[in-house]
Amino acid sequence: MSRRICWICKMCRDASKRPPSNLTLEEVLQWAQSFEKLMATKYGPVVYAAYLKMEHSDENIKFWMECETYKKIASRWSRISRARKLYKIYIQPESPREINIDSLTREAIIRNIQEPTQTCFEEAQKIVYMHMERDSYPRFLKSEMYQKLLKTIESNNNS
């Protein structure tokens, strides 16, 4: 993901930098329709993650994306290892990227971490998604980053 974020950061710093040619105006406009649409597009989560990183609050999107990957793990041993890693990074109190979840959800994860299922982080993932949708997504739409990207793509379409 970091390579894809590069063009976003460069574009925000230097107006001569252009977004990828396959990023369409239609996609960028979809992002403003709903948070769900933003997260369902190819570049939406990447641009949103770059915005959150600039805000120093990217732990939610990183946790959400890692949960999406975690759910696809078929191997029991790999799932156990990844679940413990997710717990240490995002769930454990005072962890480096601790996410904001309620104590009941945290306690349920602690109980389930011994034999983690593909859904053991689902409730925490829903909470984090809700935080992003209600808090940072509206700010993202008003941000200089999104507005600048939108204007750049609109002007590319008109030229």
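This report walks through the fold, the core and the cysteines of a predicted model.

## Model and confidence

What you have here is a prediction, so a look at the confidence comes first. The mean pLDDT of the protein is 89, and 87% of its residues reach 70 or more. Residues 1-5 are another story: their pLDDT is below 50, and beyond near neighbours in sequence this stretch has seven contacts in the model.

## Overall fold

It's helices from start to finish as far as secondary structure goes: the protein has nine helices and zero strands. Written out along the sequence, that gives α-α-α-α-α-α-α-α-α.

Of the 159 residues, 42% are buried. If you take the contacts with a separation of 6 or more, 63% of them link residues 24 or more positions apart. On the outside, the accessible surface comes to about 9,300 Å², and carbon and sulfur atoms account for 49% of that.

## The nonpolar core

In soluble globular proteins, nonpolar side chains tend to be buried together. In this model, the largest nonpolar core counts 43 residues. Inside that core, the residues with the most contacts are W31, Y48, F63, I91, F121 and F140. Two or more core residues come from each of helix 2 (25-31), helix 3 (35-40), helix 4 (44-54), helix 5 (59-70), helix 6 (76-91), helix 8 (122-142) and helix 9 (144-158). Helix 8 gives the largest share, seven residues.

F121 is a handy place to start if you want to click around. Leaving out residues up to four places away in sequence, F121 touches F63, C67, Y70, A83, L86, Y87, I91, I109 and I113. Two of those partners, F63 and I91, are also on the list of residues with the most contacts inside the core.

## Cysteines without a bridge

How many disulfides does the structure hold? Zero. A disulfide is a covalent bond between the sulfur atoms of two cysteines, and the cut-off used here asks for sulfur atoms within 2.5 Å.

Why is C67 not bonded to C120? The sulfur of C67 has its closest cysteine sulfur in C120, but the two are 8.2 Å apart, so the distance is too far for a bond. It reads the same way from the other end: for C120, the closest cysteine sulfur is that of C67, at 8.2 Å, again too far.

Both cysteines are tucked away from the surface. C67 is buried, with a relative accessible area of 1%, and C120 is buried too, at 8%. C67 also turns up among the residues that F121 touches.

How values were computed: Residues numbered from 1 in each chain as written. Predicted model: local features only at pLDDT ≥ 70, side-chain atom pairs only at ≥ 80, totals over all residues. Heavy atoms only, no water. Core = buried A, V, L, I, M, F, W, Y, C linked by side-chain atoms within 4.5 Å. Buried < 20%, exposed > 50% of the residue type's maximum accessible area, 1.4 Å probe, protein only. Helix = DSSP H or I, 4+ residues; strand = E, 2+ residues; numbered from the N terminus. Contact = heavy atoms within 4.5 Å. Areas by Shrake-Rupley, 256 points an atom, 1.4 Å probe, with all protein chains shown as cover. pLDDT = per-residue confidence, 0-100.
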